[in-house]
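Please look over the sequence and the three-dimensional structure shown below. The report that follows is meant to be read beside them.

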Amino acid sequence: MSDRPSVPHRGLSRRTLAKAAALGIAGALTGAWTASAADVTVTQLGPRTYDLGIPSAALGRTAPVRIILPTSYAARPDRTWPVLHLLHGAHDDYHSWTRETDIEAFTAGRDLIVAMPDAGPTGIPTRWKSGPDYETFQLQEVPAVLRAAYRASTVQAVAGVSTGGYGAMAHAARHPGTFVAAASYSGIPDTLVTRMPVIVQAIVGRESLNPLSLWGDPTRDSATWQDFNPLARASALRGTALYVSVGTGSLTGGLGTILALAQIISGGIGAVLPGVLESLVAPSTQSFVATLGQLGIPATQHLYQGGGHQWSDWQREFTASWPVLAGALGLPV
């Protein structure tokens with residue numbers, strides 16, 4: 001029997017779906033995305049891996065999502081499956097997890113759906129002040145398609161690297177109860193710690209986008225920056241299984257840090273070495289972990305020496321975090 005999923009072709013109109021998404025209830029409509037599922041493009045890449053093109057009201061375009069189905073998906077038409085959402089980082093795309101890690105082989109024989117949604121060129125999956133709404137796309141529109149067409153359950157976990165690590169913690173903190181677990185690998189879970197606003201704006205600027213289009217000015221629009229800062233909502237993570245990791249990178253402070261930051265400000269973030277960039281973002285995770293400790297919120301943490309802002313470290317950290325994610329998803333380790 002083929003693992004190729006069937007896609008429903010009937011249901012509510014696209015206009016109804018757009019209105020539901022605008023009201024923030026698209027995911028609550030039982031058949032909401034069955035109609036748009038007829039408009040979803042499906043490209044099979046391997047025995048279990050597919051690329052979907054999902055018409056998104058939140059983004060105003062068709063956006064891609066790569067999915068990996070369970071090995072026994074076709075053989076078990078009677079059951080639903082938990083979902084692990086994997087978020088990509090800055091200056092990358094939804095291909096990254098299958099390109100850089102062994103996620104396809106790792107999940108073979110494991111009873112879950114893996115979803116890797118688009119987050120745009122910056123990998124910051126948020127509601128932009130002047131731009132797209134990746135938060136709604138990832139939290140409502142993608143899950144609605146997966147439930148309508150791929151027998152996904154409501155049990156979900158989320159993990160991400162770099163700006164995707166920001167997204168994992170922001171999604172879980174801003175929408176308590178949506179995810180049973182969240183993991184951040186070299187993420188930015190405190191967007192306001194020293195130097196982080198500059199780095200975040202440099203990430204946006206590198207893509208030739210106006211940095212103010214994200215959340216506005218960090219000073220004048222401080223309330224908006226706080227609203228989207230995972231650390232500011234850390235108390236909402238109580239009850240969510242958490243895994244947080246980051247290395248110290250290669251800098252030892254002083255002049256090296258100042259020069260690296262100057263390079264980023266001047267638009268040279270792409271030339272910053274992985275170890276240097278890891279050093280610059282490490283305070284964000286360190287601040288976040290400290291706040292979780294102050295609040296008495298349990299988290300599995302791995303704050304390690306050295307390392308870099310790179311996939312070789314993130315592959316290792318994902319594997320290390322699997323017991324946390326699997327336990328929350330109700331899967332064997």
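The text below treats confidence, the sheet, a cavity, the pockets and one loop residue in turn.

**Confidence in the model**

This structure is a predicted model. The protein chain has an average pLDDT of 89, and 86% of its residues score at least 70. In the stretch of residues 6-35, however, the pLDDT is below 50. In the model this stretch makes 52 contacts beyond near neighbours in sequence.

**The sheet and a helix across it**

Nine strands form an open sheet with mixed pairing, and their order is β1-β2-β3-β5-β4-β6-β7-β8-β9. Which strands stand at the edges of the sheet? They are β1, residues 41-44, and β9, residues 300-304. Each of these has a single partner strand, so one of its sides is left without a neighbour in the sheet. On average, and with direction ignored, neighbouring strands of this sheet are turned by 20° against each other.

Within the sheet, strand β4 (residues 81-87) and strand β5 (residues 113-117) run parallel and are joined by 3 bridges. His85 has Ala115 in β5 as its bridge partner. Strand β4 is also one of the strands crossed by a helix: α6, residues 163-174, lies across β4, β6 (152-161), β7 (181-185) and β8 (241-247). The direction of α6 is at about 140° to β6.

**The cavity**

The count of cavities of 30 Å³ or more comes to 1. The largest cavity has a volume of about 50 Å³. Its lining consists of Ile124, Thr163, Tyr166, Ile188, Thr191, Val200, Ile203 and Trp215. Helix α6, described above as lying across four named strands, appears here again: α6 and α7 (196-206) each supply at least two residues of this lining. By residue class, the lining of the largest cavity holds 6 nonpolar and 2 polar residues, and no charged ones.

**The pockets**

The table gives the volumes of the two pockets described here.

| Pocket | Volume |
|---|---|
| Largest pocket | about 400 Å³ |
| Second largest pocket | about 190 Å³ |

The largest pocket is lined by 21 residues, and those closest to its centre are Ala90, His91, Leu277, His309 and Trp314. Elements that contribute two or more residues to this lining are α7, α11 (274-295) and α12 (311-329). Helix α7 thus takes part in the lining of the largest cavity and in that of the largest pocket. The lining of the largest pocket divides into 13 nonpolar, 6 polar and 2 charged residues.

The second largest pocket is lined by 11 residues. Nearest its centre lie Glu135, Leu139, Gln140, His175 and Thr178. Which helix gives the largest share of the lining of the second largest pocket? Helix α5, residues 134-149, does so with 6 residues. The residues of this lining comprise 2 nonpolar, 6 polar and 3 charged.

**A residue in a loop**

Asp92 is placed in the loop between β4 and α3 (96-100). Asp92 and Ala119 are separated by 27 residues in sequence, while their C-alpha atoms are 9.1 Å apart in space. When neighbours within four places in sequence are left aside, Asp92 is in contact with Arg99, Gly120, Pro121 and Trp311.

Key:
Residues numbered from 1 in each chain as written. Predicted model: local features only at pLDDT ≥ 70, side-chain atom pairs only at ≥ 80, totals over all residues. Heavy atoms only, no water. Pairing = 2+ DSSP bridges. Axes fitted to C-alpha atoms, helices over the stretch in contact; angles between N-to-C directions. Contact = heavy atoms within 4.5 Å. 1 Å grid on protein atoms, 1.4 Å probe; cavity = no way out; pocket = protein on both sides within 12 Å on 5 of 7 lines; lining within 4 Å. Points joined across faces, edges and corners; volume = space filled by probe spheres on them. Nonpolar A, V, L, I, M, F, W, Y, C, P; charged D, E, K, R; others polar. pLDDT = per-residue confidence, 0-100.
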